[in-house]
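Hi,

Here is the structure I said I would pass on. Have a look at it first, and then read on for what turned up.

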Amino acid sequence: MKKFFMAAAVGTIAGAIATTQIAGPLVAQEATRNASVYEQLDLFGDIFERIRAQYVEDVDEAALIEAAIDGMLTSLDPHSSYLSPEDAADMRVQTRGEFGGLGIEVTQEEGFVKVVSPIDGTPADAAGIMSGDFITAVDGASVLGLTLDDAVDLMRGPVGSEIVITVVREGEIEPFDVSIIRDTIKLTAVRSRTEGDTVVLRITTFSDQTFDSMRELLAEQVEEAGGIENVNGLVLDLRNNPGGLLRQAILVSDAFLEAGEIVSTRSRNPEDGERYNANTGDLAEGLPIVVLINGGSASASEIVAGALQDHRRAIVIGTNSFGKGSVQTVMPLRGDGAMRLTTARYYTPSGRSIQALGISPDIIVEQPRRVEESAEEEEQGVFRSEADLRGALDNDSLSEDEIRQIEADRARAEDAAALREEDYQLAYAIDILKGLSALGPNAQ
């Protein structure tokens, strides 16, 4: 008993020493850190009062505070920012799919505004703005040094008004000006059509409408084809899709997956991470899928491409995606404003981080720039066949049905050739699905 008491006493003394030597410095360190933070806040208050009292002109005190808050947030990363009550209201409208502007999704890089992607059918798209373009000035005023929100404010204006943006583009020696007429942007989240035996679903954004629209349009195309057995596959065109709502990306991915993880998010605190899994059911009923991506495919579109690629549910072709793999949480603030704060990173089912790396396609296919042919080049491209020769023998071994079939096949081939001229990447995707269909369902 005495030995036990002595051991306990020694343990108590050792604990006291440990508390003194370890916990003590930690407490002191924390106290020092807190004191430093309060000193910085006092410094901020001193600067604020000096500006109010001594700046050359009267200042808007509320605007000063907003600028300070925005500066604090934008110093973290390009996607964290303060949303004024007006900006917060605009954001809520955008997620519903209709808003005013030029029709471009932008981010900030090295002080300049960088185009993530133009939105289909918008003034910016019609004016030829491309993913990867840098906007260096708006109506002659440089955007260098402005916050992203301030630069975006410069580009806003009444519907029908003109704006001139200065663009720097890779491959172009000099900056050039582009004139754009502002318009009301009505986002059509999904468009559909059938090319040959292939259903093409063009997803332009992930808004509240996306999944429901995609499901309805796919059903319409299948019905027009006379049933799923008459469709050889699907193309999900996510090119120049800047992203949108995480929930919609999960629903679109789930639409073609029977099971397994779709995406996970990891925060600073491990317990705050989330995993999202697929439910049974495949809208495509097992048909092969090709996903098209490019440098304008970002965020939610990268989640879909990564999930279908990792599960080997789709072949991804095109060029490397944008690489926005971070999660922004919009937090309401007093006064109807809001704060957009980066709170986590996205990871594909295999554990790949999308951030700054993007999704690498299984097959790299560049979209060639269109070059106008001269009349001489067009003339050189005309070839003659046996049937064009004077006095050539007719092929009398074919029935009328066979002749009609050959003519139909030739028309499809000509349509495919025309599509290659118009959209080489899409034509390539359709060719892949034709090849898979020709090999049959057991092809590996």
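Let's start with a pair of helices: helix 7 and helix 8 run roughly parallel to each other. That label follows because the angle between them is about 25°, and angles under 35 degrees count as roughly parallel. Their axes lie 9 Å apart, and the crossing is right-handed. On the helix 7 side, the contact is made by Leu 246, Ala 249, Val 252 and Ser 253. Helix 8 brings Ala 300, Ile 303, Val 304, Ala 307 and Leu 308 to that contact. Before going further, please keep in mind that this is a predicted model.

Helix 7 deserves a second look. It covers residues 246-254, and seven of its nine residues are buried, so the rest of the structure largely encloses it. The buried ones are Leu 246, Gln 248, Ala 249, Ile 250, Val 252, Ser 253 and Asp 254. What covers them? Helix 8 (300-310) is part of the cover, and so is helix 6 (210-224). Several strands are included as well: strand 11 (198-203), strand 13 (261-266), strand 14 (274-277) and strand 18 (338-347).

Now for the aromatic rings. How many aromatic pairs does the structure hold? There is one. Tyr 424 and Tyr 428 form it, with their ring centres 6.3 Å apart and 55° between the planes, which makes the pair tilted. Both tyrosines belong to helix 11 (residues 424-439), where they are four residues apart, about one turn of the helix. In an α-helix there are 3.6 residues a turn, so residues three or four places apart point the same way. Are these two tyrosines buried or exposed? Each falls in between: Tyr 424 is partly exposed, with a relative accessible area of 33%, and Tyr 428 is partly exposed too, at 29%.

Another ring has a charge for company. The charged end of Arg 266 sits over the ring of Tyr 347, at 3.8 Å from the ring centre.

Finally, the chain as a whole. It has 444 residues, and buried residues make up 36% of them. You will find 11 helices and 19 strands along the chain. Taking the contacts between residues at least 6 apart in sequence, 67% join residues at least 24 apart.

If you want a place to begin in the viewer, try helix 7 and what covers its buried residues, including helix 6 and helix 8.

Best wishes

Conventions:
Residues numbered from 1 in each chain as written. Predicted model: local features only at pLDDT ≥ 70, side-chain atom pairs only at ≥ 80, totals over all residues. Heavy atoms only, no water. Phe/Tyr/Trp six-rings, centres within 6.5 Å; stacked < 30°, edge-to-face > 60°. Helix = DSSP H or I, 4+ residues; strand = E, 2+ residues; numbered from the N terminus. Buried < 20%, exposed > 50% of the residue type's maximum accessible area, 1.4 Å probe, protein only. Lys NZ or Arg CZ within 6 Å of the ring centre and 35° of its normal. Contact = heavy atoms within 4.5 Å. Axes fitted to C-alpha atoms, helices over the stretch in contact; angles between N-to-C directions. Parallel < 35°, antiparallel > 145°, perpendicular 65-115°, else oblique. Left-handed = near helix turned anticlockwise from the far one by under 90°.
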